[in-house]
Amino acid sequence: MNIDDVGDPAGRPVVYLHGGGDSRLSRHPDDSIAAELGVRLLAVDRCGPAVRGRTLRSCAEDVVAALPVPRFAVVGWSAGGPHALAVAAVAPERVTRVALVASMPPPDGVGALPGDVRKVMRVARVSPRVAARALESWGRRPTPPTGSALTDDAYGHGRIEAFRSGGLWLARELAYLGRPWDFELGDVRVPVTLWWGDRDTVCPPSIARDFERRLPNATLRLVDDTHQILFSRWREILQEAAG
């Protein structure tokens with residue numbers, strides 16, 4: 001499990017969990033932002049060789065076991081959002097707070113996702129290798145604009161890194177994200193901030209409102225932005241997550 005350990009080495013630890021089809025490099029590339037905020041940023045890869053039998057909970061347990069810090073906040077973007085919640089559920093004594101950034105929904109909310117995402121999630125549950133080929137083709141498309149050339153470039157490099165070992169890891173991940181999660185949302189007792197763009201067409205704001213209702217301690221921050229809100233609001237997200 002690759003981890004970029006950047007920012008302020010003595011700072012408040014914040015773990016970053018990337019989206020689906022992305023990698024630890026799919027973040028704002030200026031790590032001096034974390035340093036200026038007094039944040040030790042730990043960006044964790046889930047991409048790479050596929051792990052047979054992995055579940056959302058077991059992935060979270062692997063992340064927690066790999067971290068070199070005793071307590072930390074967690075930021076999860078898109079498909080990283082459910083993983084951030086899972087980390088908070090399996091390690092409540094170690095997680096200080098969670099930021100969900102344009103997160104994918106629980107399985108009963110998948111109907112809010114675009115049709116092509118729902119389709120590949122269905123295929124992945126039946127035939128992950130077939131889904132992997134489709135995902136690899138999708139991964140060769142240009143990444144959507146993020147608002148600046150600097151972050152556009154980082155997003156593109158993060159996508160290349162994500163598929164370096166193929167797309168089977170992502171197919172298996174989408175399969176387990178579409179099955180019942182092996183923890184309860186009510187298990188996440190720490191404060192959760194829901195960062196959402198009101199123009200997000202990938203994970204629309206209805207998903208955020210559902211999380212707001214179902215999580216015990218959630219606050220919604222709905223702003224004028226898209227699914228790429230992670231890049232444009234990076235400083236604000238890190239600052240609030242670090243407390």
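The paragraphs below lead through this predicted model, from its nonpolar cores to its helix contacts, its open and enclosed spaces, and a few single residues.

The interior is a good place to begin. The largest nonpolar core has 58 residues, and those with the most contacts inside it are Leu85, Leu100, Phe211 and Leu215. Helix 7, residues 168-177, gives the largest share of this core, 8 residues. Apart from this core lies another, of 26 residues, which includes Ala34, Val39, Ile229 and Ala242.

Leu85 offers a way into the surroundings of the larger core. Once its neighbours within four places in sequence are left aside, Leu85 is in contact with Val98, Leu100, Trp181, Phe183, Leu185, Val188, Phe211 and Leu215. Leu85 is one of the buried residues of helix 3, among which are also Gly80, His83 and Ala89. Helix 3, which spans residues 80-90, is mostly covered, since 10 of its 11 residues are buried. The partners against which these buried residues pack are strand 2 (12-17), helix 2, strand 4 (72-77), strand 5 (95-101), helix 7 and helix 8 (205-214).

Two loop residues come next, each with an uncommon sign of phi to look at. Ser78 lies in the loop between strand 4 and helix 3, and its phi is near 55 degrees, a positive value in a residue other than glycine. Ser78 counts as buried because its relative accessible area, 10%, falls under the 20% cut-off. Ala102 is placed in the loop between strand 5 and helix 4, and phi of Ala102, near 50 degrees, is likewise a positive value in a residue other than glycine. With a relative accessible area of 0%, Ala102 is buried.Helix 4 also takes part in a helix pair. Two packed helices are described by the angle between their axes and the distance between the axes. For helix 4 (residues 115-126) and helix 5 (residues 128-139), the axes come within 6 Å and cross at roughly 145 degrees. From helix 4 the contact draws on Val120, Val123, Ala124 and Val126, and from helix 5 on Pro128, Val130, Ala131 and Leu135. By class, this contact has 8 nonpolar residues, with no polar and no charged ones.

Helices 4 and 5 appear again at the largest pocket, which has a volume of about 770 Å³. Of the 30 residues that line this pocket, Asp116, Val117, Val120, Leu135 and Trp138 lie nearest its centre. The elements that give two or more residues to the lining are helix 4, helix 5, helix 6 (149-162) and helix 7. The lining of the largest pocket divides into 20 nonpolar, 5 polar and 5 charged residues.

Enclosed space can be considered separately. A search of the whole structure finds 1 cavity of 30 Å³ or more, and about 80 Å³ of space lies in the largest cavity. Its lining is formed by Arg46, Pro49, Ala50, Val51, Arg54, Trp169, Arg172, Glu173 and Tyr176. By class, these lining residues are 5 nonpolar and 4 charged, with no polar residue.

The last stop is Ala66, which lies in helix 2, residues 56-66. Ala66 counts as partly exposed because its relative accessibility is 35%, a value between the 20% and 50% cut-offs. Residues up to four places away in sequence not being counted, Ala66 touches Met1 and Ile3. The C-alpha atoms of Ala66 and Ile3 are separated by 8.6 Å, although these residues are 63 residues apart along the chain.

Definitions and conventions: Residues numbered from 1 in each chain as written. Predicted model: local features only at pLDDT ≥ 70, side-chain atom pairs only at ≥ 80, totals over all residues. Heavy atoms only, no water. 1 Å grid on protein atoms, 1.4 Å probe; cavity = no way out; pocket = protein on both sides within 12 Å on 5 of 7 lines; lining within 4 Å. Points joined across faces, edges and corners; volume = space filled by probe spheres on them. Nonpolar A, V, L, I, M, F, W, Y, C, P; charged D, E, K, R; others polar. Axes fitted to C-alpha atoms, helices over the stretch in contact; angles between N-to-C directions. Helix = DSSP H or I, 4+ residues; strand = E, 2+ residues; numbered from the N terminus. Contact = heavy atoms within 4.5 Å. Core = buried A, V, L, I, M, F, W, Y, C linked by side-chain atoms within 4.5 Å. Buried < 20%, exposed > 50% of the residue type's maximum accessible area, 1.4 Å probe, protein only.
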